[in-house]
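Trainee: Please take a close look at one part for me, the contact between the two chains, and set it against the chains themselves.

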Amino acid sequence: MSSEDQLQVLVGRCRRGERAAFEEIFRQFQPRLRYYIRRLDPGGNHVEDMLQDVWVKVVRRVGSLRDPKAFVAWLYTIARNEVYSKVQAKDPFVGLDDEHLELVTDNHEPVFGADEAARVHGALERLTPAHREILTLCFLEDLSPKQIAEILGIRAGTVRSRIYYAKQSLRKELEKEYG
Amino acid sequence: MDNHEILRDKLLRADGIDPSAPKGELTRFRQLLDGTKSVDSSWRRIMKTPMARLAVAAAIVLAVLLGMYFIGGTSNTTWAAVLNKVRDFNTCISRTRSVETAGPRPDGFEFASEDASTIYYSEQYGLFTESHKNGELFSRSYTLLQDNESVFICYPLELYKRTPLAMDQIQEFRDKQPKQIVAKILEHNYVELGDTTMEGKRVRGIELRDPNAFADEPAPPFDDFSARFWIDTQTELPVWVEISFLPNGSEKRYTAVWDQFQWGVALDPNLFKPEIPANFQEDKEGEDKAYRDSAPKTPAAEVFAANTQAEPYLGDFNHLRLPDVSKLTLLGVDVNVPKAGVRLTSHGQIWEFQDAVMAGWPPFEQVQAQLRRELQEKLGVDQLSVDELVAAGISLREQFWDLTGCFSGVSYPYAYAARVVTEMAHEKTPDNLAVTDQLIESIATCAVTRTWNEDDSQSLRNPIYAGLMTDLRLAQFEQIKSQIAQGHVPTWKDFVRVHDLVIMLGSNRRDYKQAALVTRWLIDQAPTAGWTYYVTSLKEMEQSFLKGDSYNSGLFMYGQDAFPAEYQYSRRPFSFQGPRQRAEQLLPIHLRHLRGW
């Protein structure tokens, strides 16, 4: 059974109210959610509150999630909404210039290896919030452009171009470290 | 682990995050789970708790009626006029009747539970619901907004329960205020039902079929949902509201009807001041931690829980191919008899009906020899292996249940035949614990422990339970002890067998001394066997037996929706499984956490 299938089974068990399934979901996603929320609200003091509120919503609402396949996107959407409701900030991720740029398909998309993880983590902080968020999602979860689009509330085509330009920016940031 | 996962873990570590959620965080999450109402909270309560269903629905009725004002305002002046009269009311009294029923079934039986209440609704004070059963006061339930408290008083049981209202409960009550959810109603369409006559009055109605009009959370899937509202065309006031739904995949339909409305009446504030009789006890159920949390606490308990799921009681023969006995005629009994429609609404009615039917069956001993001959002629049972005999027994029992079991005057040959073939299997291999379980199941299928009588002392006890059934379990007990002496670690099935023995020794044989000894054995085995969850009740049982009293404690849980139909399987050992469809729904009590029960 693939990990995707296993997750669907787990979500199905959560929908039936199985406590052990909720705990397993928590084990899997709590660290990633923490990382994601910290990237969205750098230096914020509300991370623990936000995490707790996210899980309260997950426990209460998972029964209304009709398609278990949509769980990951649904979870990050809850987390994202939680951040913006808590920090009372406007969603900064709209109207970006790169969304209107045509995707350059003949250029290679930068790739980041595990050996660069510590540097990638540091460089993420220096990116724009929009680029930081989309790359965080890419690094944390193996999501399709459609799923990322659902979380961010943008078009799938925009997701592709934003990822491309975000990766370019990240690569430049890493190169700067070598002067 | 692939590159993506390695990169992810390293990123987390770079941020000081342990990729596997630390134990402390998991502990806090468990506390959160303990304190968080489960998914679809209001819907789940609407569907599962009769009292809450009425209370929540009372607010819905008001909301819908007010909502119609706005809906109607755009298209139909009649509705606007009606609701113009009620929209400013902040109090309401109504009568509510609810029926839960899966029937009538194809076999003519209908199991239904019925409830009737009067609801007093006040935006200022909260809700007060008074329920009567058979003309007698059954309960009073209060949602007290000013005291932040809910109180439930059950008169027949002389119990009461006080629970502080959680903030989200108060918020939910306020959110269900008519004026707050009018907007929700507006988003949904209704259809005109036209005019008709109801109880001698000319009425006009509308119908909504979208359950999402009634709750903040998305509604769970329904196979059918309708809400109908009728007004008196002369007085232009609501006279009848009916909500009926069939949850997705459920056979049970829920219908609630509100009528006898009194809008805007002055409600005495004293109505919302509970008076608990001095002799009533506070219901402490739920404070027993051993009962509330069934998650395994020791490695042995974890192994026991895993074994319970992997090897269900009576599951040893699930792999066998069952012979088709649907065309089999036994004892010359014609099963194609007309089926009468019968509506049963309580355990008393169900048991009384079963007793009357079973009194018409010939005694097993009278037909046993003839059945054996017929089974040899038609199934060649003398030549069958143990597995084949057990498979035939399972199949015959299923046929018995298909013919409505103890509700039928023509089903008994199949249960008796099941007993015959499993007895043959048992004779071939008397030390096979699983085969003995099958024999006990076959006997219990057609033999209840006692007849029904309001006065239990007048019930007639079935001697087979104090005799043969107890002997069979005693023999298993000796075998289990012998196996343990050879290194066997007892399992859930062993627990079921010995627990059954304890109950039979106490309730049927009235040998309390031996019942106490066997109970002590179960308690002593608990740390290694892993059935620690049951130790609290086992200790209570032991104390009770030592005092010379019987004590009953169950093994399985059923879904709340199982009653009253579930009563047809009562009056049998706690190990009893019944038709396969039912057995699949049974949940060993120590696994209750798996379903959030």
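Mentor: What follows goes through the contact from the side of chain A, then each chain in turn.

This is a predicted model, in which local features need pLDDT of at least 70 and side-chain atom pairs count only at pLDDT 80 or more, while totals for chains, interfaces and linings use all residues. Residues are numbered from 1 along each chain as its sequence is written, and chains are lettered from A and ligands numbered from 1 in the order in which they are written.

The contact draws 34 residues from chain A and 34 residues from chain B. Two residues are in contact if their C-beta atoms, placed from the backbone, lie within 7 Å. On the side of chain A that touches chain B, the elements giving two or more residues are helix H2 (19-40), helix H3 (47-61), helix H5 (117-124) and helix H6 (129-140) of chain A. H2(A) gives the most to this side, with 11 residues. Helices (H or I, at least four residues) and strands (E, at least two) are DSSP runs, numbered from the N terminus. Sorted by class, the side of chain A that touches chain B has 16 nonpolar, seven polar and 11 charged residues. Here Ala, Val, Leu, Ile, Met, Phe, Trp, Tyr, Cys and Pro count as nonpolar, Asp, Glu, Lys and Arg as charged, and the others, Gly among them, as polar.

Now for the chain that these helices belong to. Chain A has eight helices and zero strands. Of the 179 residues in chain A, 35% are buried. A residue is buried if 20 or more other C-beta atoms lie within 10 Å of its own, exposed if 12 or fewer, and partly exposed in between, with C-beta atoms placed from the backbone. Among contacts in chain A between residues at least 6 apart in sequence, 72% join residues at least 24 apart.

Chain B contains 19 helices and 15 strands. Buried residues make up 35% of its 597 residues. Of the contacts in chain B with a separation of 6 or more, 63% are between residues 24 or more positions apart.

Two loop residues of chain B can be added. Asn148(B) lies in the loop between strand E4 (136-144) and strand E5 (149-154) of chain B, and its phi is near 50°, a positive value in a residue other than glycine. Asn148(B) counts as partly exposed because it has 13 C-beta neighbours inside 10 Å. Leu331(B) is in the loop between helix H9 (299-310) and strand E13 (342-344) of chain B, and has a positive phi of about 60° although it is not a glycine. With 15 other C-beta atoms within 10 Å, Leu331(B) is partly exposed.
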